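Welcome! Here are some short exercises, each with a worked solution, to help you find your way around a new structure. Have the 3D view ready and try each task before reading on.

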Amino acid sequence: MLQFWLDTETTGLDARVNSLWQLGAAVFNKDKLIDSFEGTMNPPANCVIEDRALEVGGITRADLATFGTQDELYEKFLMWVLPYRNKMGKLTIAGWNADFDKPFVEAFFNRVAGGSSFSQVFYHYTISPYA
């Protein structure tokens, strides 16, 4: 059975005002890594960027400015994830703290592609074995 794991780095703790800046994902078959994804983006100008969150992520505001746009990350991620969605059906987000990551990914999808885009790829529940 394939498992879909996801992780984010963010500009704060609140997906309503903060944004993800890094999106990572991995597909496992039991304990074997099948594929992985990593991408970064410069958060939209209207998102709050908290210095403490950047410290946790090990980056600076100057680093963020070198990253691509949210539209570029969205397109790159969608091209990577859709074959798995098409093969497996809707994906369940699993991760170390998936209940934290999911709202950021959902907000990211909604900002770029509108309200129903997230639910076309992912289920709304998560698996977070270590939360």
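**Exercise 1. Find the residues that make up the aromatic cluster.**

Solution. Keep in mind that this is a predicted model. Start by picking out the rings: Phe4, Phe37, Tyr74, Phe77, Trp80, Tyr84, Phe108, Phe109, Phe118 and Phe122 together form one aromatic cluster. Next, count pairs across the structure, which holds 17 aromatic pairs. One of them is Phe37 with Trp80, where the centres are 5.5 Å apart and the planes make an angle of 40°, a tilted arrangement. This pair connects distant parts of the chain, since Phe37 sits in strand E3 and Trp80 in helix H3, 43 residues apart. To finish, check accessibility: Phe37 and Trp80 are both buried.

**Exercise 2. Classify the ring pair formed by Phe109 and Phe118.**

Solution. A general point helps here: two aromatic rings are described by how far apart their centres are and by the angle of their planes. For Phe109 and Phe118, the centres lie 6.0 Å apart. The planes stand at 90°, so the pair is edge-to-face. As a last step, look at the surroundings: both Phe109 and Phe118 are buried.

**Exercise 3. Trace how strands E1, E2 and E3 are joined.**

Solution. Begin with E1 and E2, which run antiparallel and are joined by nine bridges. Within this pairing, Leu2 stands opposite Asn29 of E2. Now move to the other partner: E2 (residues 20–29) pairs with E3 (residues 32–40), again in the antiparallel sense, over eight bridges. Two positions let you check the register: Val27 has Asp35 in E3 as its bridge partner, and Phe28 stands opposite Leu33 in E3. Finally, ask how enclosed E2 is. Seven of its 10 residues are buried, so E2 is largely enclosed by the rest of the structure.

**Exercise 4. Describe the turn between E2 and E3, and say what is notable about Lys30.**

Solution. First, the connection: E2 and E3 form a hairpin with two residues between them. Lys30 lies in this loop. Second, the backbone: most residues other than glycine have a negative phi. Lys30, however, is a residue other than glycine with a positive phi, near 60°. Third, accessibility: Lys30 counts as exposed because its relative accessibility is 60%, and the cut-off for exposed is over 50%.

**Exercise 5. Is Thr8 buried or exposed, and what does Thr8 touch?**

Solution. Locate Thr8 in strand E1 (residues 2–10). Its relative accessible area is 6%; buried means under 20%, so Thr8 is buried. Then list the neighbours: leaving out residues up to four places away in sequence, Thr8 touches Leu20, Gln22, Leu23, Phe100, Asp101 and Val105. With Asp101 there is also a polar contact between the two side chains, at 2.6 Å.

**Exercise 6. Follow helix H3 from start to end.**

Solution. H3 covers residues 70–88, 19 residues in total. From first C-alpha to last, H3 reaches 26 Å, close to the 27 Å expected at 1.5 Å a residue. Along the way, look for a kink of about 35° at Val81, shortly before the proline Pro83. Now mark the buried residues of H3: Gln70, Leu73, Tyr74, Phe77, Leu78, Trp80, Val81 and Tyr84. After H3 comes Gly89, with a positive phi near 85°.

Terms used. Residues are numbered from 1 along each chain as its sequence is written. This is a predicted model: local features need pLDDT of at least 70, side-chain atom pairs count only at pLDDT 80 or more; totals for chains, interfaces and linings use all residues. Side-chain values use heavy atoms; hydrogens and water are left out. Two strands pair if DSSP finds at least two bridges between them. Helices (H or I, at least four residues) and strands (E, at least two) are DSSP runs, numbered from the N terminus. Buried means under 20% relative accessible area, exposed over 50%, partly exposed in between (1.4 Å probe, protein chains only). A polar contact is a pair of N or O atoms within 3.5 Å; within protein, one must be able to donate a hydrogen and the other to accept it, and residues adjacent in sequence count only if both atoms are side-chain atoms. Contact means heavy atoms within 4.5 Å. The expected span of a helix is 1.5 Å times one less than its number of residues. The bend at a residue is the angle between axes fitted to the seven residues ending there and the seven starting there. Rings of Phe, Tyr and Trp (its six-membered ring) pair if their centres lie within 6.5 Å; planes under 30 degrees apart count as stacked, over 60 as edge-to-face and the rest as tilted.
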